[in-house]
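Colleague: Before relying on these assignments, I should like to hear the reasoning behind each of them. May we take them in turn?

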Amino acid sequence: MRTIVFDIPAWPGHRAGQHLDVRLTAEDGYRAEREYSIASAPGEPVAITVERLDDGEVSPYLTEELRQGDEIELRGPIGGYFVWDPEDESPLLLVAGGSGIVPLRAMLRHRRGSGSEVPVRLLYSSRTLAEVIYRAELDEPVDGVEVVYTLTREQPPDWSGYARRVDDELLGEVAWPAGEGALAFVCGPTSFVETVASGLVELGYPPPRVKTERFGATGGR
Amino acid sequence: MEALDGNAIGGLLHEVFGAEMTTAMGVCADCGAAGPVAELVVYLQAPGTIVRCRSCSSILMVMVDVRGTRCIDLRGLAELESDS
C-alpha cells in the first residue's frame, strides 16, 4: 500500500469522492489505464492510495517504480455522483470495505477542513487490523465522528470492535436510524456493496440516499 | 467476471460525451427503469465495455475500440439525460 502525492500545475480542483485516471504508456505504445479514488480533500495536494496487485499492470509500477520527481499522465477529476459536499447537512453514514475507505477518507478530511459539523458514523470492514488503511488518522478523536471497525478474518487478542462480516444486523446496530434522514456512501468490492446497500434499503433508507461505488476484486479478496 | 458500476467508466464517458456523465439519468429501452449512470452495472473486462440495466440486465451501452476507432452503441437506452 502506498500513498502518492502529485504536484499538478493545472489541477482545476476536485470534490471529495472523485477519481482520477492514471495512464501508463509502454515504449511499444501499449497503454494501460486505471481509475483511482482521490484520497485527499479538496484544496489539499492530490493524493491517491494504491494497493499493489501481483498481477496488476499499473499498481506494481505505482507502488514500486515511481520515484519522486517522475512525471506521469493523469486525467481528472472524474465523477460527480459519489461525491460529498459540506452544503449537505444530513448526518453521514460512511461504509467501507477494504480499500473502499479511500474516497471516504477524502470526505472525512473535507468535513474537518471545511468546518462542517455534520455527525458522521464510519463503519470500516477489513480482514485484519494490519490491513486497515489510515488507521492512525482514523483513530484520532474528532468531534462528531464515530469510527467503528469490524475485522472479518483475524482479530488481536484484546479486540473490542466487531469481528464479523457486515450484515443487516450489524448495519442495524451501527447505521443512523432511517428517520434521521442520513446520507450514506458505500464503497468496496462489489459483493460487499450489494450487501450493504440492500441492507440499508431494508432498514428504510430511500435508495437515492444510498450512494454506492464498487471496485473490482483485488489480490486475494 | 465481476460487475462494477458506472462510477468506473466516468473517465471513458467523459471522453465520449465531453461532460461528466455519471450523474446523467439513463432510461432502459427494455424495462423503462430510470437511474443515474453511476448505478448501472458495468463489465470492463468483456471485449470492450458493457453497461447493463440494474433492473432487467438488458444491455444499455457497448463501447469497443476497433483498430483505433471507438465504437459506441447506445441502442439499449431510451433516454440519456445529462444535467452538466
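The exchange below concerns a predicted model and the terms used to describe it.

Colleague: What makes S2 and S3 of chain B paired strands?

Modeller: A pair requires at least two bridges between the strands. Strand S2 (residues 25–28) of chain B and S3(B) have three bridges, in the antiparallel sense, so the pairing criterion of at least two is met. Within this pair, B:Gly26 lies opposite B:Gly35 of S3(B).

Colleague: Why are S3 and S8 of chain B said to stand at the edges?

Modeller: The open sheet has three strands in the order S3-S2-S8 (chain B), with antiparallel pairing. Strand S3 (34–36) and strand S8 (77–81) of chain B each have a single partner strand, so one side of each lacks a neighbour in the sheet. From one strand to the next, the twist averages 20°.

Colleague: How do you know that the radius of gyration of chain B agrees with that of a compact globule?

Modeller: For 84 residues, a compact globule would have a radius near 12 Å; chain B has 12 Å, and therefore agrees. The C-alpha trace of chain B spans about 35 × 30 × 20 Å along its principal axes.

Colleague: What makes a residue of chain B count as buried, and what percentage are buried?

Modeller: A buried residue has 20 or more other C-beta atoms within 10 Å of its own. Such residues make up 36% of the 84 in chain B.

Colleague: Which strand gives the most to the side of chain A that touches chain B?

Modeller: In the contact, 16 residues of chain A meet 16 residues of chain B. S10(A) gives the most to that side of chain A, with four residues.

Note on methods: Residues are numbered from 1 along each chain as its sequence is written. Chains are lettered from A and ligands numbered from 1 in the order in which they are written. This is a predicted model: local features need pLDDT of at least 70, side-chain atom pairs count only at pLDDT 80 or more; totals for chains, interfaces and linings use all residues. Helices (H or I, at least four residues) and strands (E, at least two) are DSSP runs, numbered from the N terminus. Axes are lines fitted to C-alpha atoms, for helices over the stretch in contact, and angles run from 0 to 180 degrees between N-to-C directions. Two residues are in contact if their C-beta atoms, placed from the backbone, lie within 7 Å. The radius of gyration is taken over C-alpha atoms; the globule rule is 2.2 Å times the number of residues to the power 0.38. A residue is buried if 20 or more other C-beta atoms lie within 10 Å of its own, exposed if 12 or fewer, and partly exposed in between; C-beta atoms are placed from the backbone.
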